[in-house]
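This report reads through a model of two chains by way of sheets, packed helices and a charged pair. Please keep the sequence and the structure in view while reading.

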Amino acid sequence: MFLKIASSVAIVVCCTLLGMHMSFRYKQRIYNIRVLQSILANLETEIVYYSTFLTQAIRNSIRTLNGDWKIFFMEVADILENKQEYSLDDAWNKSLNKIQKNPYIGKAELDIMYRFGLQLGSSDRQNQQKYFEIVQEQLKIEEENARQLHLRYGKMYRSLGLLLGLGIAIILF
Amino acid sequence: MIQRIENNQRNTLQPILDALPDNIRRMVLSINPTILEALEEIRIRQNRPLMVYSRGRDYFLCINGTAVPHYPKNAYIVTKEDIRRILDLISNYSIYAFEEELRHGYITLQGGYRVGISGKVVLGKEGIVTFQHITSFNIRIARQIINIANKILPFVIDNGQVLHTLILSPPQMGKTTLLRDLSRQLSNGFPGFRGVKVGIVDERSEIAGCFQGIPQNDVGVRTDILDGCPKALGIIMFIRSMSPNVIITDEIGKPEDVIAIEDALNAGIKIITTAHSSDLEDARQRPILKSLLDKKVFQRILVLGNSLGTGTLEKVYDGINGQILLDRPIR
């Protein structure tokens, strides 16, 4: 009897945690998008107003921030600084590939960043500013989408986890 | 093969080596040391052979790194990929940081080296906007010549006072090199002369060769530099805020320069500047210079030429009474 109760509780807890984890993905994605927006805003200042060299500009922009995109930008800066035979495109795509399996980053952001990487650094400041504006706009839309998804599915997964756990426990009891 | 080049030599060339892709860097490093020592230019042109200039001669680089004076069969042909890599490396992946320099057709590397650029230009309302296709690079290896200004110092300084000086010279006669050393000596001082505060308005980053605002050439301890700043604006900025004793600029020629120079004179600041011209008579043909000469702004007018080799001091005039102060050319 005791074993039955213990295992049922374990199942319920596990399923609830699973549900919370699924719901956390949605929340974390929103956080990551916001961090990305801040990084890009910093990067824009570094490039458009100070004309800092790209690697230094990237390092300055991520200094005070955290999250999965910080790792991406650090990777890009490292590759470029080590003067390996990489172009910016190569470094950018290589780093993007590394984080594309990250569950807290949406495919939409990856696509936006991929296209942005093609333009970064390759034109004058006025032009760069234009690209920053475009990418910020696109990210805003994605942030809104992510929030909608979080509202819709975030709660759902959390309750679904609990219900599923209870369901299994009742059937097995 | 890298050991063949002395450390010293490698250090001076390092910023240039950093700007080259691996394959080209390897070829440059394996050039015969006697050629490498006096390397003046590396010419990189898309789809054409890689060439270097040294001691006034040009050489083709072969795939194996030997330099030969005649077009060899195994000359290294520069590819589009090489050009793209070089552009990435010399601009640090940051074209936006060289917006203004690109418009003037060059990029300054760390170490004060200048890379000339040509290709297809995009024109806008206010002149050149940028380059659409960059296809050639000319990496120039400038060497600072310390003490080259010794011969002109007695004419520029009178009783411990720096005089307003105009240096006239045709292109490629060592005018900027002279100015650079003059700045160093005036700023550091030398026996019999206490160093003074010097301000350099370096519109084209040639005198001090600044990289990220730091002078890469020795221009003296009491020297401030406005890098990439238009001369007229720079002179006025210096007068207002940096209290220099001497302002040094290169190649005056615009009407607003004249106004700024007069401002500096009225503020009691000495001006040392240069102009493209082969002689005083020549200079008088140019309206801007003529107005300055007629107003007797400059106390000394130095003329450079090449009668005894590049950088010969041909003539020295007293700008106030027109007397000739140097009887024969010196080098």
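The account below begins with the conventions and then takes up the two sheets, two helix pairs and one salt bridge.

This is a predicted model, in which local features need pLDDT of at least 70 and side-chain atom pairs count only at pLDDT 80 or more, whereas totals for chains, interfaces and linings use all residues. Residues are numbered from 1 along each chain as its sequence is written, chains are lettered from A and ligands numbered from 1 in the order in which they are written, and side-chain values use heavy atoms, with hydrogens and water left out.

**The antiparallel sheet of chain B**

Helices (H or I, at least four residues) and strands (E, at least two) are DSSP runs numbered from the N terminus, and two strands pair if DSSP finds at least two bridges between them. In chain B, an open sheet of seven strands with antiparallel pairing has the order 4-3-2-1-7-6-5. Strand 4 (67–68) and strand 5 (106–108) of chain B stand at the edges with a single partner strand each, so one side of each is left without a neighbour in the sheet. The table gives pairings within this sheet, with one pair of opposite residues for each.

| Strands of chain B | Bridges | Residues paired |
|---|---|---|
| strand 3 (residues 57–61) and strand 4 | two bridges | B:Leu61 and B:Ala67 |
| strand 1 and strand 2 (residues 51–54) | four bridges | B:Glu41 and B:Tyr53 |
| strand 1 and strand 7 | five bridges | B:Glu41 and B:Arg140 |
| strand 6 and strand 7 | eleven bridges | B:Val121 and B:Phe131 |
| strand 5 and strand 6 | three bridges | B:Thr108 and B:Arg114 |

B:Glu41 of strand 1 thus has B:Tyr53 as its bridge partner in strand 2 of chain B and B:Arg140 as its bridge partner in strand 7 of chain B. Hairpins also link strands of this sheet: strand 1 and strand 2 of chain B form one with five residues between them, where B:Asn47 in the turn has a positive phi of about 65 degrees. The hairpin of strand 5 and strand 6 of chain B likewise has five residues between the strands, and there B:Gly111 takes a positive phi near 95 degrees, while strand 6 of chain B is joined to strand 7 of chain B by a hairpin through two residues.

**The mixed sheet of chain B**

An open sheet of seven strands with mixed pairing has the order 16-13-17-18-10-19-20 in chain B. Its edge strands are strand 16 (223–227) and strand 20 (312–318) of chain B, each of which pairs on one side only, and the twist averages 20 degrees from one strand to the next. Strand 17 (residues 246–249) and strand 18 (residues 270–276) of chain B run parallel and are joined by three bridges, with B:Lys270 of strand 18 as the bridge partner of B:Val246.

**Packed helices**

Axes are lines fitted to C-alpha atoms, for helices over the stretch in contact, and angles run from 0 to 180 degrees between N-to-C directions. In chain B, the axes of helix 8 (residues 231–241) and helix 9 (residues 255–266) come within 8 Å and cross at roughly 15 degrees, which makes helix 8 of chain B roughly parallel to helix 9 of chain B (angles under 35 degrees count as roughly parallel). Contact means heavy atoms within 4.5 Å, and among the residues that meet are B:Ile235, B:Ile236 and B:Ile239 in helix 8 of chain B and B:Ala260, B:Ile261 and B:Ala264 in helix 9 of chain B.

In chain A, the axes of helix 3 (residues 68–81) and helix 5 (residues 107–119) come within 14 Å and cross at roughly 25 degrees, so that helix 3 of chain A is also roughly parallel to helix 5 of chain A. Their contact is made by A:Trp69, A:Phe72 and A:Phe73 of helix 3 and A:Glu109, A:Leu110 and A:Met113 of helix 5 of chain A.

**A salt bridge in chain A**

A salt bridge is a side-chain nitrogen of Lys or Arg within 4 Å of a carboxyl oxygen of Asp or Glu, and by this rule the count comes to 25 over all chains. A:Glu109 forms a salt bridge with A:Arg29, the closest N and O atoms being 2.6 Å apart. Since A:Glu109 lies in helix 5 of chain A and A:Arg29 in helix 1 (residues 2–49) of chain A, the pair ties together parts that are 80 residues apart in sequence.

Conventions. Angles under 35 degrees count as roughly parallel, over 145 as roughly antiparallel, 65 to 115 as roughly perpendicular and the rest as oblique.
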